[in-house]
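Colleague: Please take a close look at the nonpolar core of this model and the helices around it. I would like one connected account.

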Amino acid sequence: MSATVSVKVPFAQGRQTVTLSYARVGSGEPLLLLHGIGHHRQAWDPVVHLLAAERDVIAVDLPGFGASPALPDGLRHDLPTMNAALGALCRELEAERPHVAGNSLGGLLALEMGREGLARSVTALSPAGFWTQAERRYAFGVLLGMRRIARRLPLPLVERLSRSAAGRTALTSTIYARPARRSPEAVVAETLALARATGFEETLRAGATVQFTDDVAGVPVTVAWGTQDRLLLRRQGVRAKQVIPRARLVRLPGCGHVPMNDDPALVARVILDGSR
């Protein structure tokens, strides 16, 4: 089921209305899925049916991405604001303290939710925040380049490129290790999502000073990294393990930065194992 919900979020300057789009399917303990910057909730489509066999799966479009509008004026796309908005969403959906799995930016948000006691378990796939400054500048440069290309490509050209394996590789090989496996429809949709993301610049700006340095105590944490991640290099997973020493560190062989499409069965198993 796809839906949109407006939630009242308390901030220092008063309560603000934040609108979030989400899809919900399955039954069992709640599992919140968080995508990366410039993406949308459909990034999780390859694994949702596998997860829904055991979990009440809620895939959300983060503010300013996918079908969710940007945050109201005066609110920053930073970690405290995202925590508050996602916490309010979970309360509204009667799914408080869910298991949380996130990819890239979503992995960082999942860890933050765990650190703040808003999650009962965390699975972070190539999470942001464990970079050196040079690695962050590289990643941000790549993301900005992808955004510029997505905004400049005419839709008919994107559609034509998506029909061939070579074209899908040209459009998405930065984030997928096996881009030819992505469907043409999905490639078109995610290219448009990147081009139209109203929260992209604000989110990237807020991430310029982010460095995850605190342990996540009291909840099970899994950190998983694709061996072919070209955006956030896999050595950052070792740093994540050093910061969160009780975390389970998992290799995802043959997977890129967004591993859900590269190996859906493996990613689903990692998430379900981490939430048991």
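Modeller: What follows goes from the core to the helices packed in and around it, and then to some loop residues and the cysteines.

The model is a predicted one. Its largest nonpolar core has 86 residues. Those with the most contacts inside this core are Leu 32, Leu 33, Leu 34, Trp 44, Leu 51, Leu 111 and Val 221. Helix α2, residues 79-92, supplies the largest share of the core, seven residues. In soluble globular proteins, nonpolar side chains tend to be buried together.

Leu 34 serves as an example from that list. Apart from its neighbours within four places in sequence, Leu 34 is in contact with Trp 44, Val 60, Leu 62 and Leu 86, among others. Its contacts also include a run made of Val 100, Ala 101, Gly 102 and Asn 103. Gly 106, Leu 109, Ala 110 and Met 113 are further partners of Leu 34.

Leu 51, also among the residues with the most contacts in the core, belongs to helix α1, residues 45-52. The buried residues of α1 are Pro 46, Val 47, Val 48, Leu 51 and Ala 52. They pack against three strands, β2 (14-26), β3 (29-34) and β4 (55-61), and against two helices, α10 (259-262) and α11 (264-274). Leu 50 lies in α1 too, but at 32% relative accessibility Leu 50 counts as partly exposed, because buried means under 20% and exposed over 50%. Outside its neighbours within four places in sequence, Leu 50 is in contact with Pro 264, Ala 265, Ala 268 and Leu 272. The C-alpha atoms of Leu 50 and Pro 264 are separated by 8.3 Å, although the two residues are 214 residues apart along the chain.

Helix α2 packs with helix α3, residues 105-115, at an angle of about 75°, and the axes are 10 Å apart. The two helices are therefore roughly perpendicular to each other, since 65 to 115 degrees counts as such. On the α2 side the contact uses Leu 79, Met 82, Asn 83 and Leu 86, and on the α3 side Leu 108, Leu 109, Glu 112 and Met 113. By class, these are six nonpolar, one polar and one charged residues. An α-helix has 3.6 residues a turn, so residues three or four places apart point the same way. Leu 86, Leu 109 and Met 113 are also among the partners of Leu 34.

A second helix pair is α4 (residues 133-152) with α7 (residues 184-196), at an angle of about 105° and with axes 8 Å apart. α4 and α7 are therefore also roughly perpendicular to each other. From α4, the contact takes in Met 146, Arg 147, Ala 150 and Arg 151; from α7, Thr 191, Leu 194, Ala 195 and Arg 196. This contact divides into four nonpolar, one polar and three charged residues.

Two loop residues have a positive phi without being glycine. Glu 94, in the loop between α2 and β5 (99-103), has phi near 55°. At 73% relative accessibility, Glu 94 counts as exposed. Ser 126, in the loop between β6 (121-125) and α4, has phi near 45°. Ser 126 is buried, with a relative accessible area of 1%.

Finally, the cysteines. Cys 90 counts as buried at 5% relative accessibility, and Cys 255 is buried at 0%. With a disulfide taken as a pair of cysteine sulfur atoms within 2.5 Å, the count comes to zero disulfides.

Key: Residues are numbered from 1 along each chain as its sequence is written. This is a predicted model: local features need pLDDT of at least 70, side-chain atom pairs count only at pLDDT 80 or more; totals for chains, interfaces and linings use all residues. Side-chain values use heavy atoms; hydrogens and water are left out. Buried means under 20% relative accessible area, exposed over 50%, partly exposed in between (1.4 Å probe, protein chains only). A nonpolar core is a set of buried Ala, Val, Leu, Ile, Met, Phe, Trp, Tyr and Cys residues joined through side-chain atoms within 4.5 Å. Helices (H or I, at least four residues) and strands (E, at least two) are DSSP runs, numbered from the N terminus. Contact means heavy atoms within 4.5 Å. Axes are lines fitted to C-alpha atoms, for helices over the stretch in contact, and angles run from 0 to 180 degrees between N-to-C directions. Angles under 35 degrees count as roughly parallel, over 145 as roughly antiparallel, 65 to 115 as roughly perpendicular and the rest as oblique. Ala, Val, Leu, Ile, Met, Phe, Trp, Tyr, Cys and Pro count as nonpolar, Asp, Glu, Lys and Arg as charged, and the others, Gly among them, as polar.
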